[in-house]
Amino acid sequence: MTMNVYHKDTMKDLVKDNPYVGRGIVIGKTEDGTKAAFAYFIMGRSENSRNRVFREEGEDVMIYPFDESKVEDPSLIIYAPVRKLDGKLIVTNGDQTDTIRDFVVEGKSFEDALETREFEPDGPNWTPRISGMATFADGDFTYKMSILKSADAEGTACNRFTYSYKALAGVGHFIHTYMGDGNPLPTFCGEPERTIVPNDIDAWLEEIWTNLNEQNKISIYVRFVDLKTGEVENRMINKNA
């Protein structure tokens, strides 16, 4: 039996048959090698989770309630998923974005920051915290991805996994919170999934958004960064427009 461990799936293939991917981060480089690519999306099953929109604030992205009168618990749904620092871009599924930013500003590492955090306290799901950070230098970039997840069904301990990547043309890595729907929700397992990153930002946005479960998808944000000029292209869709 032969296995191609370097196979890359399209984002369509990675999400289309999964009714509840949860929240997802993709980081990689376009096929022509000229741009860094980032995507972040959220899904939700409860009214509280679905009551959200993305908003750009400068080079950062914030999540806010769409209807403030319906907010039940703001602690796990309102945060900055994207923060821009000098030479770095941070993308996460929770308020650990700010933890990473604060540690980096102090000269500490991505890993140092996440040693102070754990999975979300939403038992019995124990939703994992997923994070990514790109570091730009010399016309290129490297990136790291992390997942903090419960060691058992009772949430008694946190397991921490960090992956480091050299950006390769046409290659991205996709990490998400859940393997699928369920009660409790099954936590993501394994390494970040290899995926194709095309050159067209609109085609990539459409590919991901169209193939996420229609009932559960909420918002998506995509950013391309030109590695030569630093020019940024952003795209965003909010189901609650």
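A disulfide is counted here when two cysteine sulfur atoms lie within 2.5 Å. By that rule this predicted model has zero disulfides. Take Cys158: the closest cysteine sulfur to its own is that of Cys189, 14 Å away, which is too far for a bond. Seen from the other end, the sulfur of Cys189 has its closest cysteine sulfur in Cys158, at 14 Å. The surroundings of the two residues can be read from their accessible areas. Cys158 is buried, with a relative accessible area of 16%. Cys189 is partly exposed, at 47%.

Next, the sheet. Six strands form an open sheet in the order β11-β10-β1-β2-β12-β13, with antiparallel pairing. Its edges are β11 (193–196) and β13 (232–238), each pairing on one side only. From one strand to the next, the twist averages 15°. At the β13 edge, seven bridges tie that strand to β12 (residues 217–226), and the two run antiparallel. One contact to locate is Arg223, whose bridge partner in β13 is Asn234.

A helix packs on these strands. Helix α5 (residues 201–211) lies across β1 (24–29), β2 (35–43), β11, β12 and β13. Its direction makes an angle of about 155° with β12.

Now the nonpolar interior. The largest core has 28 residues, and Ile25, Phe38, Tyr40, Phe141 and Tyr143 touch the most other members. Many strands feed this core: β1, β2, β4 (60–65), β6, β7, β8 (140–150), β9 (158–166) and β12 each supply at least two residues. Tyr143 is a good place to zoom in. Beyond its neighbors up to four places away in sequence, Tyr143 touches residues including Ile27, Met133, Tyr163, Tyr165, Val171 and His173. Apart from the largest core lies another, of 23 residues. Among its members are Tyr20, Phe174, Ile201 and Ile208.

Last, helix α3 (residues 96–105). Which of its residues are buried? They are Gln96, Thr97, Thr99, Ile100, Phe103 and Val104. These residues span an arc of only 165° around the axis, so they sit on the same side of α3. The spacing has a simple basis. An α-helix has 3.6 residues a turn, so residues three or four places apart point the same way. The cover over the buried residues of α3 includes β5 (82–85), β6 (88–92), α4 (110–114) and β7 (129–137). Strands β6 and β7 also appear among the suppliers of the largest core. After α3 comes Gly107, with a positive phi near 85°.

Technical notes. Residues numbered from 1 in each chain as written. Predicted model: local features only at pLDDT ≥ 70, side-chain atom pairs only at ≥ 80, totals over all residues. Heavy atoms only, no water. Buried < 20%, exposed > 50% of the residue type's maximum accessible area, 1.4 Å probe, protein only. Helix = DSSP H or I, 4+ residues; strand = E, 2+ residues; numbered from the N terminus. Arc of directions from axis to C-beta. Contact = heavy atoms within 4.5 Å. Pairing = 2+ DSSP bridges. Axes fitted to C-alpha atoms, helices over the stretch in contact; angles between N-to-C directions. Core = buried A, V, L, I, M, F, W, Y, C linked by side-chain atoms within 4.5 Å.
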